[in-house]
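Q: I'm new to this one, could you walk me through the structure bit by bit?
A: Gladly; let's put it up and take it topic by topic.

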There are 2 protein chains.
Amino acid sequence: MKKFSKLEIDTLIELLDFSKIEGALVPVIAQDYKTGEVLMLAFANEEAVRQTLETGIACYYSRSRKKLWKKGEESGHVQEVQHLFVDCYKDTLLLKVKQNVAACHTGYYSCFHREYEGGALKIRGEKIFNPDEVYTA
Amino acid sequence: MKKFSKLEIDTLIELLDFSKIEGALVPVIAQDYKTGEVLMLAFANEEAVRQTLETGIACYYSRSRKKLWKKGEESGHVQEVQHLFVDCYKDTLLLKVKQNVAACHTGYYSCFHREYEGGALKIRGEKIFNPDEVYTA
């Protein structure tokens, strides 16, 4: 798990461009650090980026709930940051993470577990957990 | 290269949720279909999604230029779509592509060629082309 110092965090925040997405957000891609599988895309505001770097655990901003979203807080399916990449425009982050259990709330490892083919969404990959048993709140 | 029929395209458009990003857009992640390397993140409106599926070549929407962005039109560095994945909320696309030459306008294979480490952006990967020689317009 990778954590950053206060100075490193301040430096990154200064460097990032939050102006491109309404609400001062940057898109964040989470990718399995070993297999390269893309797990999900979410958004982060400044505070979510700060928390991610401070704790080493991915934190996003939920646009629907309008608040910080500590991924895995309820399920325990946290993402431990191994590497952090920044794109050429400094407006998008790529987190290479160690995913605990699975990323998707539907029970699949990746949120991108469906391929569009033959006019329909075809499931790729195995279901790892039963959401009804995990999200009981 | 993967192309889709008019009916398949209409079906996908109907299914996608363009309402989450201002300007009726969906984020699109492009990933190398063989190595799994994440190449870039961009946005697409309905027309860009249609063109991508119709031609099999990735097309985005440029928010800065406010128009369709046929990736590689000037440089020839097109992305041939091999697989198209949709996320659990149907508001984000993942294209697995065959990238010609390189994805990044700076000359690197991926737009995410810099890792944030020790308070600075460290270059990872080799420079593949010289932008001054490619973008002469």
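Q: Which residue in β6(A) does A:Val86 stand opposite?
A: A:Val86 stands opposite A:Leu93 in β6(A). Before going further, please note that this is a predicted model, in which local features need pLDDT of at least 70, side-chain atom pairs count only at pLDDT 80 or more, and totals for chains, interfaces and linings use all residues. Residues are numbered from 1 along each chain as its sequence is written, while chains are lettered from A and ligands numbered from 1 in the order in which they are written.

Q: And how many bridges join β5(A) to β6(A)?
A: Seven bridges join β5(A) to β6(A), residues 93-99 of chain A, and the two strands run antiparallel. Strands here are DSSP runs (E, at least two residues), helices are runs of H or I with at least four residues, and both are numbered from the N terminus; two strands pair if DSSP finds at least two bridges between them.

Q: What does β5(A) pair with in chain B?
A: β5(A), residues 79-86, pairs with β7(B) in the antiparallel sense over two bridges, and there A:Val86 stands opposite B:Arg114.

Q: So what order do the strands of that sheet come in?
A: Six strands form an open sheet with mixed pairing, in the order β2(A)-β1(A)-β6(A)-β5(A)-β7(B)-β8(B). β2(A) and β8(B) stand at the edges with a single partner strand each, so one side of each is left without a neighbour in the sheet. The twist averages 35 degrees from one strand to the next, where axes are lines fitted to C-alpha atoms (for helices over the stretch in contact) and angles run from 0 to 180 degrees between N-to-C directions.

Q: Switching to β7(A), which of its side chains are buried?
A: A:Arg114 and A:Tyr116 point to one face and are buried, whereas A:Glu115 and A:Glu117 point to the other and are not; a residue is buried if 20 or more other C-beta atoms lie within 10 Å of its own, exposed if 12 or fewer, and partly exposed in between, with C-beta atoms placed from the backbone. The bridge partner of A:Arg114 is B:Val86 in β5(B), and A:Glu115 stands opposite A:Lys122 in β8(A).

Q: What do β7(A) and β8(A) form?
A: They form a hairpin with two residues between the strands, and A:Gly118 in the turn has a positive phi of about 60 degrees. The pairing of β7(A) with β8(A) is antiparallel, over four bridges.

Q: Now the helices: at what angle do the axes of α1(A) and α2(A) cross?
A: The axes of α1(A), residues 6-15, and α2(A), residues 46-55, come within 10 Å and cross at roughly 145 degrees. A:Ile9, A:Leu12 and A:Ile13 in α1(A) meet residues of α2(A) including A:Val49 and A:Leu53, contact being C-beta atoms, placed from the backbone, that lie within 7 Å.

Q: How many residues does each chain give to the contact between them?
A: Chain B gives 32 residues and chain A gives 32 residues. Elements that give two or more residues on the chain B side include α1, β1 and β2 of chain B.

Q: How can chain B be laid on chain A?
A: A turn of 180 degrees and a shift of 0.0 Å along the axis lays chain B on chain A with an RMSD of 0.0 Å, the copies being superposed by least squares on the C-alpha atoms of residues with pLDDT of at least 70 in both. That is the relation of a two-fold axis. In chain B, the C-alpha nearest the axis belongs to B:Gly36, 2.5 Å from it.

Definitions and conventions:
Contact = placed C-beta atoms within 7 Å.
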